[in-house]
Amino acid sequence: MLHAALAPLGRITVVAPEQNHSGSSNSLTLQRPLSVFEAKEGAQKGFRFINGTPTDCVHIALTGLIEDRPDLVVSGINQGQNMGEDVLYSGTVAAAIEGYLLGIPSIAFSQVDKGWEHLDAAARVARDIVERTISAPPPEPFLLNVNIPNLPYEHIRGLRATRLGKRHPSQPVIAQMNPRGEMNYWIGAAGEAMDASEGTDFHATAEGFASLTPLQLDLTHRAQLDSLRQWLE
């Protein structure tokens with residue numbers, strides 16, 4: 001759907017994971033070689049897919065698979081929101097991060113709710129945002145995390161620049177006994193929003209806006225540097 005929406009804007013190269021990698025974050029596959037396959041027929045003819053993670057796909061595409069350096073990396077549209085702390089786990093966001101790390105402006109797109117309802121509208125919003133970046137590029141390199149409400153296009157109220165909200169801790173793991181009498185554990189669901197105040201991605205999407213959050217990759221806690229130096233002395 002995203003490819004179809006963006007195709008009129010320029011030449012699109014699709015390199016996607018072979019299967020779902022939700023929660024894979026920025027993992028690279030380093031213990032085995034990866035294979036690149038190409039779809040030979042149907043609507044996805046010419047699309048390439050890799051038996052690895054979303055990050056693998058972008059890394060391989062930009063460091064050897066495709067000849068021309070792209071103007072933009074886009075990832076998604078993910079089925080389900082990537083807001084607040086979700087960005088630390090999301091494979092969709094990680095793919096955009098990899099593009100950004102390799103020097104390409106990048107955007108991750110997600111729908112707020114699962115189920116693909118109004119996916120066509122989300123694709124139109126994504127196209128609107130990409131068109132804007134083409135016609136009036138932001139003044140500096142960017143990494144954007146976009147979340148789009150599951151609403152008809154005409155009911156989406158616009159675009160908002162937001163900060164990441166915060167979630168409560170995730171739900172407890174779910175323990176189950178398998179047929180061999182061994183205990184297995186399923187990771188629990190993400191916690192509910194704890195900070196959904198005005199200005200956050202949670203607040204904007206709840207109000208019917210698509211949220212655009214600029215991300216940065218500098219994780220240094222600068223405010224603690226002086227106290228850490230003192231502690232070391």
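**Group meeting talk: helix 3, strand 5 and their surroundings**

Let me start at a helix end: Ser90 caps the N-terminal end of helix 3, with a side-chain oxygen 3.1 Å from the backbone nitrogen of Thr92. Before going further, please keep in mind that this is a predicted model.

So, what does helix 3 look like beyond that cap? Helix 3 runs over residues 91–101 and is mostly covered, with 9 of its 11 residues buried. Among the buried ones are Thr92, Val93, Ile97 and Glu98. What do they pack against? The buried residues of helix 3 pack against helix 2 (54–65), strand 4 (73–79), strand 5 (106–111) and strand 6 (143–148). Just after the helix, Gly103 takes a positive phi of about 90°.

That brings us to strand 5. In strand 5, 6 of the 6 residues are buried, so the strand is largely enclosed by the rest of the structure. In a regular strand, side chains alternate between the two faces of the sheet. Here, Ser106, Ala108 and Ser110 point one way, while Ile107, Phe109 and Gln111 point the other way.

Now for the neighbours on either side. Strand 4 and strand 5 run parallel and are joined by 5 bridges. Two of the partnerships are Val73 with Ser106 and Ser75 with Ala108. Strand 5 also runs parallel to strand 6, and 6 bridges join that pair. Ala108 turns up again here, standing opposite Asn145 in strand 6.

And the handedness, for those of you who like to check it on screen? From strand 5 the chain crosses through helix 4 (residues 119–135) to strand 6, and this β-α-β crossover is left-handed. Back at strand 5, whose residues Ser106 and Ile107 point opposite ways, the incoming connection is the other one to look at. The chain gets there from strand 4 through helix 3, in a β-α-β crossover that is right-handed.

Next, the nonpolar interior. Which residues of the largest nonpolar core touch the most other members? Of its 20 residues, they are Ile77, Ile107, Phe109, Ile129, Val146 and Ile148. Helix 1 (2–6), strand 5, helix 4, strand 6 and strand 12 (210–214) each supply at least two residues of this core. Helix 4 gives the most, with 7 residues. Take Ile148 as an example: leaving aside its neighbours within four places in sequence, its contacts include Phe109, Val125, Ile156 and Ala210. There is also a second, separate core of 7 residues, which includes Val87, Val93, Ala108 and Leu215.

Let me finish with charges. Side chains of opposite charge can pair when their charged atoms come close. The structure holds 8 salt bridges, and I picked three. In one, Arg11 pairs with Asp68, the closest N and O atoms being 2.9 Å apart. These two link distant parts of the chain, 57 residues apart: Arg11 is in the loop between helix 1 and strand 1 (15–17), and Asp68 is in the loop between helix 2 and strand 4. Arg11 is exposed at 69% relative accessible area, while Asp68 is partly exposed at 48%.

In another, Asp195 and Arg163 meet at 3.0 Å, N to O. Asp195 lies in strand 11 and Arg163 in the loop between strand 7 and strand 8, so the pair ties together parts that are 32 residues apart in sequence.

My last pair is Asp218 and Arg222, at 2.3 Å, N to O. Asp218 is partly exposed, with a relative accessible area of 37%, and Arg222 counts as exposed because its relative accessibility is 56%, above the 50% cut-off. Thanks, everyone!

Notes: Residues are numbered from 1 along each chain as its sequence is written. This is a predicted model: local features need pLDDT of at least 70, side-chain atom pairs count only at pLDDT 80 or more; totals for chains, interfaces and linings use all residues. Side-chain values use heavy atoms; hydrogens and water are left out. Buried means under 20% relative accessible area, exposed over 50%, partly exposed in between (1.4 Å probe, protein chains only). Helices (H or I, at least four residues) and strands (E, at least two) are DSSP runs, numbered from the N terminus. Contact means heavy atoms within 4.5 Å. A polar contact is a pair of N or O atoms within 3.5 Å; within protein, one must be able to donate a hydrogen and the other to accept it, and residues adjacent in sequence count only if both atoms are side-chain atoms. Two strands pair if DSSP finds at least two bridges between them. A crossover is right-handed if, with the strands pointing away from the viewer, the path from the first strand over the helix to the second runs clockwise. A nonpolar core is a set of buried Ala, Val, Leu, Ile, Met, Phe, Trp, Tyr and Cys residues joined through side-chain atoms within 4.5 Å. A salt bridge is a side-chain nitrogen of Lys or Arg within 4 Å of a carboxyl oxygen of Asp or Glu.
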